[in-house]
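User: I am new to this structure and would like to go through it in questions and answers. Please show it to begin with.

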Amino acid sequence: MATDNRSASGASTVTRPHVAVANKLETVSEDAFAYVLLVPTFLLITVVAIYPLLETFRLSLYTDQLGSVGVGDFVGHANYVDVLAGARDVVLLSGFWYGVAITLGFALVSVFFETLLGLGMALVLDKEFRGRAFVRMAILIPWAVPVVIQGMIFYLLFEPSIGFAVRPLQELGVMSSTPLTTTRDAFVLLITADVWKTTAFMALIILAGLQSIDRSLYEVGRVAGATRWQRFVMITFPLVLPAVLVAMLFRTLQAMQVYGIVVTMSGCSTVPSLTCMVVESFRANRFATSATIAFLTAGIISIIIGVYLVKFVDSLREIGGDV
Amino acid sequence: MSRRRFVRGVGATGAAAGSIAAAGCAAAPWGGSDDDVPEGAEDYDTVISWHGGFADDESDDVKDDVREALWDAGLSKEIYVDIQQSSDSTDDVLDQYTTWLSAGRSDPDILNMDSGWTIPFIERGQLGRIDEYMSEDRIAEIEEDYFPASVDSVRDEDGNLHGLPVFVDLGLMHYRKDLVEAAGYDPDGEGWATEPPTWQEFSEAVGAAMEEDDGIENGFTFQADNYEGLSCCNFNEWITTWGGAYFGDHENLHANVGDRPITVEDEPVLDAIRMIRTFIHGSDADDTLDDFEGGISTEAVLGWNEDPSLGPYGDGRVIANRNWSYAAAMHAQDDDEDGAGFGEDHGVMPIPYAVTEDEAEYEGTGGTAAALGGWNAVPNPNSENLDAVAEVLEALMDPEFQLFVFEHPLIGNIPPRSEALEDDDAEDIPVMGRYVDSIRVAGETATARPVTSLWPDQSSATASRVHSALQGDETPEDAMSDLADDLEQLEQEAD
């Protein structure tokens, strides 16, 4: 009989391949096994993230070729030198460093206010009060609004012929008569729109952090005679800081990629963010310049991620967390 | 957007708009799989796919009407034209065409291209010459009879044609004839419809009409946002009507890149900016002109493109608005339930001017000038049916067909040549028929945008500098000096 024959001839020689692999995995260390399980993820990341990034880098090493399709000759790092030294400023709406300043300024200011307001909201929502569920739901409404709608809401508020907000603000000397086409005013309005929409997101993540804090710590603090402020500084803030940093990281990354709200509200010419420059140079068939700015933007974002990760690790260490 | 607005303006009712059964990516050449054959085309030998067609929101009925009209215009009954829906966003369409042509796709057979972005495709070698499959007579007909600026928008530097202008949009001055007449002017008697007043006379007429009517908030509105429409169109019209230019003679608009003079620092260009600053900021402000009526335009124009500037005009709060030809169809109809129609009180004239052609230094400048908008039918060089495509183009050239398109209440596009507009039938068309003379003058004097492969960057720099000067962030001299540097730097790149 077949079964008997197989047994007789030795099971190990006819074991099916996947069984053999499973047997092999049984013998590897726990760490090695974890890496094996991560292989598909690494492959996926390589295909969808690393390869496009490398391809972008490759494109950035060639010249723009306006008169034909694609890119021109290989020039090495010349595009980076040109962009960073300002030689491409004519084609970058207002210059690369201006774009960096606009983008970083937008990210820093908007994330600062979002964090501050988000923390405040989270602290309020962490308390027990009647209608808390409703308030939680209500603050989420702006977060649910699509970027284009958000842009249109603010556009209609500040468009000179329709928006009711323009004239009073102009009379107060706060804004010009055409705020959406004046860089300074539009910048402020973009930050306002961003804070309006995304503070709720910050609040929710920070709230999750707050609710994971062991409540008995507050009892201990109270017994030890700590004031409300001392309890916040010594218990709440350090313990919620990792959650705040995670929220700030997400928001900063999103803010560094700001594009949709700019296009909808003020246009890239008025507030030329880095992503605006990437898109506009791509549309002008400057594929190499576009790739150069894209790669530089990715570099800046990587540095920001690095800073956040260091801070995150520090904050975890301070509260005795596992790094 | 413009065509949809036009359609709405003409006031056709009962349109089955929105019932678009886009044929998707129907592979055009007959012989593809059955799934590729558009509905209704099963019985024809050849299917030609035409991306864009005439209107953004063509219903199946309109497509049927167009097909019938093409057959009436001589297209072989064996050929079925599959009109495919395109996006409302011209940026999206441009991106789509860039991808398709770069990939060498054979479908669609015909691409509708904005007259402003046909030339870069030609320069990149992505479009073929139509004289390779169209007869000499037809090519000569396009060269001789079509509006010159439209033909230039499909021509390469050697003069070869790569597409066919299908319809035009033209910059025109729309104004309230009743209000101007109440201020003591006689537009009909002075023939403004074909011989517009000078900018100075125009500003005085608008100023007088503003004084006459307390309900009027603004005299003259236009588009001065920092966008392509400023550089391609409004600024282009202003400087041309002042005898100024981007690159000297207009023959340089599409040619001699790298060797052409940069003339944006010339006095006529500066005066054009000063004139607009006068309109916006009043004649007491810096960098303005004393001879012009000041303060007739709101500062809001600095943030307006076409639709926002037209809105207040349609609401009856403005005397004059510079806009495209379709705006007449929207506001010259008789009063409708929305109160949007001014009927015969809606006047149209070509854009005013500051110097005559004889007084202008550069060829092609001076006198009235209309920025050219509109669309071209451009054959896909990878099409497997170029002979049939040529037949479709020939049918599109038929004057009767062009009149049909102009007349059709759901299309209403303006033909790209005078002949179709001179027809008595054209003057009998409801609403738009009243303005064919102005449209013809605007078509003959249309000025093309200086489109080359450098234009996207040059346009962006121009809009930014001009907007800055109009806003008062820079003087006209400084802004144009900076612009000249920008343009020069970009021109050097072409060498």
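Analyst: Accessible areas come from the Shrake-Rupley method with a 1.4 Å probe, and for residues only the protein chains shown count as cover. This is a predicted model, in which local features need pLDDT of at least 70 and side-chain atom pairs count only at pLDDT 80 or more, while totals for chains, interfaces and linings use all residues. Residues are numbered from 1 along each chain as its sequence is written, chains are lettered from A and ligands numbered from 1 in the order in which they are written, and side-chain values use heavy atoms, leaving out hydrogens and water.

User: What share of the accessible surface of chain A belongs to carbon and sulfur atoms?

Analyst: The accessible surface of chain A comes to about 17700 Å². The part of this surface that belongs to carbon and sulfur atoms is 69%.

User: What share do carbon and sulfur atoms supply of the area that chain B exposes?

Analyst: Chain B exposes about 17500 Å². Of that area, carbon and sulfur atoms supply 39%.

User: Is chain A compact or spread out?

Analyst: Chain A holds 15 helices and two strands (DSSP runs numbered from the N terminus: H or I of at least four residues for helices, E of at least two for strands). Its radius of gyration, taken over C-alpha atoms, is 27 Å, whereas the globule rule (2.2 Å times the number of residues to the power 0.38) gives 20 Å for 323 residues. The value is well over the rule, so chain A is more spread out than a compact globule.

User: How does chain B fare under the globule rule, and what is its radius of gyration?

Analyst: In chain B there are 19 helices and nine strands. The globule rule gives 23 Å for its 495 residues, and chain B comes close to that, so it is as compact as a globular protein of that length. Its radius of gyration is 22 Å.

User: What percentage of the residues in chain B are buried?

Analyst: Buried means under 20% relative accessible area, exposed means over 50%, and partly exposed lies in between, with a 1.4 Å probe and protein chains only. In chain A, buried residues make up 40% of the 323 residues. For the 495 residues of chain B, the figure is 60%.

User: How many negative side chains does chain B have?

Analyst: Lys and Arg count as positive and Asp and Glu as negative, with His and the chain ends not counted. Chain A has 21 positive and 22 negative side chains. In chain B the positive side chains number 24 and the negative ones 112.

User: Which three residues supply 27% of the area that chain A buries against chain B?

Analyst: Buried area is the accessible area (1.4 Å probe) that two parts lose on being put together, summed over both. Between chain A and chain B it is about 2100 Å², with carbon and sulfur atoms giving 47%. More than any other three residues, the suppliers on chain A are A:V90, A:T181 and A:R283.

User: Which residues does B:Q458 contact, leaving aside neighbours within four places in sequence?

Analyst: B:Q458 sits in helix 18 (residues 455-471) of chain B and counts as buried, at 0% relative accessibility. With contact meaning heavy atoms within 4.5 Å, its partners beyond those neighbours are B:F247, B:R260, B:T452, B:L487, B:L490 and B:E491.

User: Where is B:P108, and what is the omega of the peptide bond from B:D107 to B:P108?

Analyst: B:P108 lies in the loop between helix 3 (90-103) and strand 3 (110-114) of chain B. The peptide bond from B:D107 to B:P108 is cis, with omega near 5°.

Technical notes:
The place of a charge is taken as NZ of Lys, CZ of Arg, CG of Asp or CD of Glu.
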